[in-house]
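Please open the structure in a viewer and keep the selection tool at hand. The stops below say what to select and what is found there.

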Amino acid sequence: MERPRWHRVLVQGAGPSARYAHTLSLVANRFLVAMGGNDGKSTLGDAWALDTSEKPYQWRKITDAGEMPCPRMYATAAARSDGLLLLCGGRDVHGTPLADAFGFARHRDGRWEWHAAPGSMPAGRYQHGAVFVGTRLHISGGAVGGGRMVDESTSTVMLDTSGGAWITPAPGTLAGEDVTRRCRHAVTSVGPFVFIYGGLKGSQLLDDLLLADDAGGAELTICDPRAPAWSQYLNSVHGSASAAQMLAEAAAAEAAVAAAVASRSNSLGGSP
């Protein structure tokens, strides 16, 4: 089996300028949408779309598209399964954490349009994480400036896009732990589960893995990644009562092989 590899994609015409702290999302399994960021001189508010189904690839700048979000950097963007993109939070041109959210959708005639989501997050933030489970956008962590994180009580919030309501979940089940206050972390979802890995909490570099279960549809519950609910989900997906155990054993075997290869490389490197 051929291993996947990176290669440079050729795109014709003008596209987004050089930047960092922007968002890039795949919408409707077809369109790459880039928005915002900073070019080293100023905070940006432009949006671009690239249709991956058409070649040669070309970026198209989105203009006059409804309620355009203000320029921002360190925002998050997540796409719902039906193609709705949600842009959330970020830091504006004055360095102020934003608490807003905007929906971005493509009409059948090819027009793109922004719409402001109702209400706002309990606390503005940037460098946070966001991911969809069904129609619920789960937002975690974030910074508020001056080296400070969002308070634990509001560090996880949800936007129910089916009802247009913001929800602050009950505290996680890991009692006594300040688990979700972090920024610059990675987040993804698998089925009804949300995974959060690493990030920064002040000057502390984190290496923990959090699992949150949204299967009940009422609140996001932080639990141990070895929780029975996760094992049961894996077993149901793979049709085996031992799928979770098999996955754990495969991961342990892979780690052992990697350690052996590293040890051999070190030995070879140290020989005369």
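## The whole chain

Begin with the full protein chain, in which buried residues make up 39% of the 272 residues. The model is a predicted one. Colouring by secondary structure brings out 2 helices and 19 strands. With the surface switched on, the accessible area of the chain is about 15,200 Å², and 54% of that area belongs to carbon and sulfur atoms. Of the contacts in the chain with a separation of 6 or more, 47% are between residues 24 or more positions apart.

## The largest nonpolar core

Next, select Val27, Val33, Ile62, Phe104, Trp112 and Trp114. Within the largest nonpolar core, which has 15 residues, these touch the most other members. Then display the elements that give two or more residues to this core: β3 (31–38), β4 (43–51), β7 (85–88), β8 (101–106) and β9 (112–116). The largest share, 3 residues, comes from β3.

Which residues does Val33 touch, leaving aside those up to four places away in sequence? Centre the view on Val33: its partners are Thr23, Leu24, Ser25, Val27, Trp48, Ala49, Leu85, Phe104 and Trp112.

A second core, separate from this one, has 13 residues. Leu86, Cys88, Ala101 and Val157 are among them. In soluble globular proteins, nonpolar side chains tend to be buried together.

## An open sheet of four strands

Now select β6, β7, β8 and β9. These 4 strands form an open sheet in the order β6-β7-β8-β9, with antiparallel pairing. At its edges lie β6 (76–79) and β9, each of which pairs on one side only. On average, and with direction ignored, neighbouring strands of the sheet are turned by 20° against each other.

Zoom in on β6 and β7, which pair in the antiparallel sense over 4 bridges. There, Ala79 is found opposite Leu85 in β7. Leu85 is also one of the residues touched by Val33. Strands of a sheet pair through backbone hydrogen bonds, either parallel or antiparallel.

## Two cysteines

Finally, select Cys70 and Cys183. Is Cys183 buried or exposed? Cys183 has a relative accessible area of 4%, so it counts as buried, the limit for that class being under 20%. Cys70, at 31% relative accessibility, is partly exposed. How many disulfides are counted? The count comes to 0 disulfides.

Methods:
Residues are numbered from 1 along each chain as its sequence is written. This is a predicted model: local features need pLDDT of at least 70, side-chain atom pairs count only at pLDDT 80 or more; totals for chains, interfaces and linings use all residues. Side-chain values use heavy atoms; hydrogens and water are left out. A nonpolar core is a set of buried Ala, Val, Leu, Ile, Met, Phe, Trp, Tyr and Cys residues joined through side-chain atoms within 4.5 Å. Buried means under 20% relative accessible area, exposed over 50%, partly exposed in between (1.4 Å probe, protein chains only). Contact means heavy atoms within 4.5 Å. A disulfide is a pair of cysteine sulfur atoms within 2.5 Å. Two strands pair if DSSP finds at least two bridges between them. Axes are lines fitted to C-alpha atoms, for helices over the stretch in contact, and angles run from 0 to 180 degrees between N-to-C directions. Accessible areas come from the Shrake-Rupley method with a 1.4 Å probe; for residues, only the protein chains shown count as cover.
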